[in-house]
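Please open the structure in a viewer and keep the sequence at hand. The tour below proposes what to select at each stop and states what is found there.

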Amino acid sequence: MHTFFIAPTGFGVGLTSISLGLIRALERTGLRVHFLKPIAQPHAGDKGPERSSELIARTLGLTPPEPLGLSEVEQRLARGELNEVLEDIISRYQQAAEGADVVVVEGMVPTRQASYAARINNHLAKSLDADVILVTAPDPNDADIAALANRIEIHAQTFGGPRDPKVLGAIVNKVEGIEENQGLPTELGKLKRTLKEYAQALKQQSKVLDTEDFRLIGCIPWKDELNAPRTGDVAELLGAHILNEGEIRTRRVADISLCARTVPNIIERLRPGTLIVTPGDRDDVFIASSLASLAGTPLAGVLLTGGISPDSRVMRLCKPALESGLPVMTVNTNSFNTATQLDRMNREIPVDDIERAEMVTDYAASHIDHAWLQERCGKPRELRMSPPAFRYELVRRAQKARKCIVLPEGDEPRTIQAAAICQRRGIADCVLLAKPEAVEAVARAQHISLPEGLRILDPEVVRQRYVEPMVTLRQGRGLNAPMALQQLEDNVVLGTMMLALDEVHGLVSGAVHTTANTIRPAFQLIKTAPGYNLVSSIFFMLLPDQVLVYGDCAVNPDPNAEELAEIAIQSARSAESFGIPARVAMISYSTMESGTGADVEKVREATRIAREREPGLLIDGPLQYDAAAIASVGLQKAPDSPVAGKATVFVFPDLNTGNTTYKAVQRSANVVSVGPMLQGLRKPVNDLSRGALVDDIVYTIALTAIQADNSK
């Protein structure tokens, strides 16, 4: 499935019109296209459903998910909840994507009230792994086409620049002069010529845009009829009082004429589609307009200013014109202020003006290079798992699995809060190992509401019944009942026994215990999974635009080549189980054959062993980190490598390197990391950092639940 994110370069570029046209153009190629407006942006006075989504629904018969409300989003952003907002949008995107080949996502429009729109659009595009199409329009104040080229270039930089493979190009809307000079390009051949000529003009003004990677995807000429509101829409926007309704719902305002001169001097302005604006006491202008209407000139209407209505005798005189459909309205403002309001009037398509919406849709669609877009959609590409999408999928899959997870640190405040969140959201059924009165005291002190269904198990009450099963599990290790009872004083051991006996599906600990405290009981009581000889760990590194896997950063200090190969295989399988395509880079201080020494040879041998054990695995090494992660460096240092420059799984040669790297990236680049997640055990046990936040614990519980579901 493909995603196009359309981002405006400013206010008034006709973003929704382009959404309509783009969807229609893609539908004409046979693709199933759905739509999403993630964040609503109502205008003052807007009531009812969000404008873009409603227009798409009424015009194209789609059912877009309801967008997030702008005020709600702003409140959450002010509280620093950007990630949570993005996760909610991912949820709506999943609804929109169901059954679709393509999803068109409409970004936020920058306004004085929403100056942050460009930043949010960048986050949205990356989170949805979308191809970006900029939508722009020439500004009346532009001196020449260079200003437009600069504006496109500046906004392209927001998304990584014109050479970024995810930035496809631009659609230029409301272009004047094309029809007269080049002919209306509704046929494909004419369209391609128009696009080529206009693109060349843009590229001549900007070396940055002068690349085959950045295209002019559409060029929509200005057409007056498409921007003509119904007379009734104008009356509604002005709050006008209707004296004669006439054909107010079908006549359109193509032009506005302020008439305060004598009748001979306004006759030439009495043209079809013109809204005559005149002071309410100018009976002569009103009568002249009525005569023109009777003569067959379909004026848009007459707007009388100053709060003055015509004399009843004048209204009777003009009755035949009124009966023929001439709309007449009055407003309280004077002519100058009324004209100013009309000039600043919102020209967007009202949601009930389906006739105009259909015209705009077909017109815009005929000026978009749908053949190239279809080719782009047809090219197979690998979807990148963005951090919000990863977190959303974690929660969704955990909710679906609905596993039971034991938390040995049951009276620890962060753990209690995380358990309450998981229970409330259905992420997992949590079991807190602690005295109930201790948990309740912490909950009161921290203002945590304990949800129904959250289990609190008193270790003192249940400990004794695990003694005999533990002695049985540790047969041959010299463990007797008193020794087992003593070890069960440790809640981590107790929780691990519950897991060993299948009373729970997973265990999460480490908020106040060391990694060794968490893992040791699992080694002794759970054992490794079939086919594995060791337990290792990975971190999910949530970089701004994708999720990477780092291993092993928490368990094995100095694995040998055989162990390193097993860590690589475990890490690859873990990545794939969470939707991350595995391309494994075996990290070293040298790339390929450039270095020698025992450390490099270990990585080289581990790569060979992993390939031998898993022939279908995309793995390569030794690779330096930059050669593995950066496409240009990978191409230079390892041009024949299937992994270099595009690795998703990074396997470090030892714990010193792995732990240092993950913490350096996490802290210096402000990257969220989820983990460590242990791999290689028969049943899932996961460790927490002692500095873990509540959200970290929630996501680790979700990870554990998914691991349990995968191991069924």
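Which residues point one way from β4, and which the other way? Asp131, Ile133 and Val135 point one way, whereas Val132, Leu134 and Thr136 point the other way, and all are buried. Buried means under 20% relative accessible area, with exposed over 50% and partly exposed in between (1.4 Å probe, protein chains only). The model is predicted: local features need pLDDT of at least 70, side-chain atom pairs count only at pLDDT 80 or more, and totals for chains, interfaces and linings use all residues. Residues are numbered from 1 along each chain as its sequence is written, and side-chain values use heavy atoms, with hydrogens and water left out.

**First stop: strand β4**

Select residues 131-136. Six of the six residues of β4 are buried, so the strand is largely enclosed by the rest of the structure. Helices (H or I, at least four residues) and strands (E, at least two) are DSSP runs, numbered from the N terminus. In a regular strand, side chains alternate between the two faces of the sheet.

Next, add strand β1 (residues 2-8), which runs parallel to β4 and is joined to it by five bridges; strands pair if DSSP finds at least two bridges between them. Here Phe5 stands opposite Val132. Then add strand β5 (residues 167-175), which also pairs with β4 in the parallel sense over five bridges. Ala170 of β5 is the bridge partner of Leu134.

**Second stop: the nonpolar core**

Leu134 reappears here, together with Phe390, Phe540, Val584, Met586 and Ile701: of the 107 residues in the largest nonpolar core, these touch the most other members. Such a core is a set of buried Ala, Val, Leu, Ile, Met, Phe, Trp, Tyr and Cys residues joined through side-chain atoms within 4.5 Å. Select helix α29 (residues 694-710), which gives the most to this core, with nine residues. A second, separate core of 51 residues includes Met497, Met498, Leu507 and Met592.

**Third stop: helix α23**

Select residues 515-525, where Thr518, Ile519, Pro521, Ala522 and Leu525 are buried. They cover an arc of only 160 degrees around the axis (taken from the directions from the helix axis to the C-beta atoms), which puts them on the same side of α23. After α23 comes Lys527, whose phi is positive, near 70 degrees.

**Last stop: Asn227**

Select the loop between β6 (215-221) and α9 (231-238), where Asn227 lies. Asn227 counts as buried, at 18% relative accessibility.
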